[in-house]
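Let's take a walk through this structure together, moving from helix packing to sheets and then to a few individual residues. Please keep the model open beside you as you read.

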Amino acid sequence: MKALVYESFGQAPKVTQVPDPETPEQGILLEVKASGICRSDWHGWKGHDPDIQLPHVPGHEFAGIIREVGKGVKNWKIGDRVTVPFVCACGTCPSCNSGNQQICDDQYQPGFTHWGSFAQRVAVHRADTNLVRIPESVSFEVAASLGCRFATSFRGVVAQGKVSGGQWVAVHGCGGVGLSAILIATALGATVIAVDIQDDKLALAKAAGAHYLVNATKVGDVAFTIQELSKGGVHVSVDALGSKVTCYNSVASLRKRGKHIQIGLLAGSETNPPIPMHLVVAKELEILGSHGMQAHAYPELMQLILDGKMDPEKLIGRRIKLEDAVETLMRMDTFEENGMVLINQF
């Protein structure tokens, strides 16, 4: 099969022919029809993830068609249209038994612990626990766009933040995660403040439903500006980027008993950000993480799409060939893309 492979961290990948993955006994072999390019893939390529073994094929947001089925699989067959969460669970550990497969004790992640979807084929283990059926009216591109950013934002906003109509929500960073959070929070009836340092990203945030736009380079104090706009602070604030600055501003922009949701990865030099703990204590704030979403929770998300209440298609930017993913992956840290980049030509 054809795949994008890197043999050294931080060095240019190449598109080349490699053997097809073997079909796991409890898993399936998927023909990839669409795969998103995420900043998490960039972190992996830079060597920020200790689970990656070289040589490596990245890619963790994908959808496609089952081409082979392992002998232990009960619920799936060749030809089924499916996607998967980026955290694939074991289904038997204490976390899984509590319904929290997104933090499985024995998780594996295609594109990180195993070869991923920047390829014509990808193996998915433990298929009966991890596969999600794609409705016929949902495209492979939309299904792939849900895999990491959208699903993580959905769980962060809905399950962790418990956002409801009439609340104020701030979203710091208007990349794929941020735009997803804006779209979801708006669909739930919240008033959304979008924060970024680029006007073109803020224009996308407005198109996704944001009610107020804050360019962080044009205001003296982001948290104070949000406090003023929301008349005392937001109920829920999302750090969708993952930096020391956005994390601090997110916590500082909350009203009393508000919730900070950390979705953006804090890696490399951004690890261990300063947090205004005096505000956490004084305002009884909550600090919550969101790490993916369980396969069994996808039907609620899919139903909102089928009902026309959310349109993830709005968040898709460029559609590219696998060969074009080399340059795109290496430039993910420039934040120059408007919308999600999808590989749909292999």
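A good place to begin is a helix contact: Arg149, Phe150, Ser153, Phe154, Val157 and Val158 in helix 4 meet Gly176, Val177, Ser180, Ala181, Leu183, Ile184 and Ala185 in helix 5. Contact here means heavy atoms within 4.5 Å. The residues of this contact of helix 4 with helix 5 comprise 9 nonpolar, 3 polar and 1 charged. In that count, Ala, Val, Leu, Ile, Met, Phe, Trp, Tyr, Cys and Pro are nonpolar, Asp, Glu, Lys and Arg are charged, and the others, Gly among them, are polar.

Before going further, note that this is a predicted model: local features need pLDDT of at least 70, side-chain atom pairs count only at pLDDT 80 or more, and totals for chains, interfaces and linings use all residues. Residues are numbered from 1 along each chain as its sequence is written, and side-chain values use heavy atoms, with hydrogens and water left out. Helices (H or I, at least four residues) and strands (E, at least two) are DSSP runs, numbered from the N terminus.

Back to our pair of helices. The axes of helix 4 (residues 140-160) and helix 5 (residues 176-187) come within 8 Å and cross at roughly 45°. Axes are lines fitted to C-alpha atoms, for helices over the stretch in contact, and angles run from 0 to 180 degrees between N-to-C directions. Helix 4 and helix 5 are therefore oblique to each other; angles under 35 degrees count as roughly parallel, over 145 as roughly antiparallel, 65 to 115 as roughly perpendicular and the rest as oblique. Their crossing is right-handed, a term for a near helix turned clockwise from the far one by less than a right angle, while anticlockwise would be left-handed.

Helix 5 has another partner. With helix 6 (residues 199-208), helix 5 packs at an angle of about 25°, the axes being 9 Å apart. Helix 5 and helix 6 are therefore roughly parallel to each other, and helix 5 passes helix 6 in a right-handed crossing. Leu179, Ile182, Leu183 and Thr186 of helix 5 make this contact with Leu204, Ala205 and Ala208 of helix 6. Of the residues in the contact of helix 5 with helix 6, 6 are nonpolar, 1 is polar and none is charged.

Now for the sheets. Strands of a sheet pair through backbone hydrogen bonds, either parallel or antiparallel. Here, an open sheet of 6 strands shows parallel pairing in the order 10-9-8-11-12-13, where two strands pair if DSSP finds at least two bridges between them. Strand 10 (212-215) and strand 13 (286-289) are the edge strands, each pairing on one side only. On average, neighbouring strands of this sheet are turned by 20° against each other, direction ignored. Between strand 8 (residues 168-172) and strand 9 (residues 191-196), the parallel pairing runs over 5 bridges, and Trp168 stands opposite Thr191 in strand 9.

Which way does strand 1 run relative to strand 2, parallel or antiparallel? Strand 1 and strand 2 (residues 14-17) run antiparallel and are joined by 4 bridges, with Thr16 in strand 2 as the bridge partner of Ala3. From strand 1 (residues 2-5), Lys2 and Leu4 point one way and Ala3 and Val5 the other, and all are buried. Buried means under 20% relative accessible area, exposed over 50%, and partly exposed in between (1.4 Å probe, protein chains only).

Two buried residues deserve a visit. Ser250 sits in helix 8 (residues 244-252) and counts as buried at 0% relative accessibility. Leaving aside neighbours within four places in sequence, Ser250 is in contact with His172, Ser237, Val238, Asp239 and His260. Ala127, in helix 3, also counts as buried, at 0% relative accessibility. Outside its neighbours within four places in sequence, Ala127 is in contact with Gln26, Gly27, Ile28, Val73 and Trp76.

Finally, some backbone details. Most residues other than glycine have a negative phi, and most peptide bonds are trans. A cis peptide bond, however, joins Leu54 and Pro55, with omega about -5°; Pro55 lies in the loop between helix 1 (39-46) and strand 4 (61-69). Arg126, although not a glycine, has a positive phi of about 50°. Arg126 lies in the loop between strand 6 (121-124) and helix 3 (127-130) and is partly exposed, with a relative accessible area of 26%. Phe335, not a glycine either, has a positive phi of about 55°. Phe335 belongs to the loop between helix 11 (325-330) and strand 15 (340-345) and is partly exposed, with a relative accessible area of 33%.
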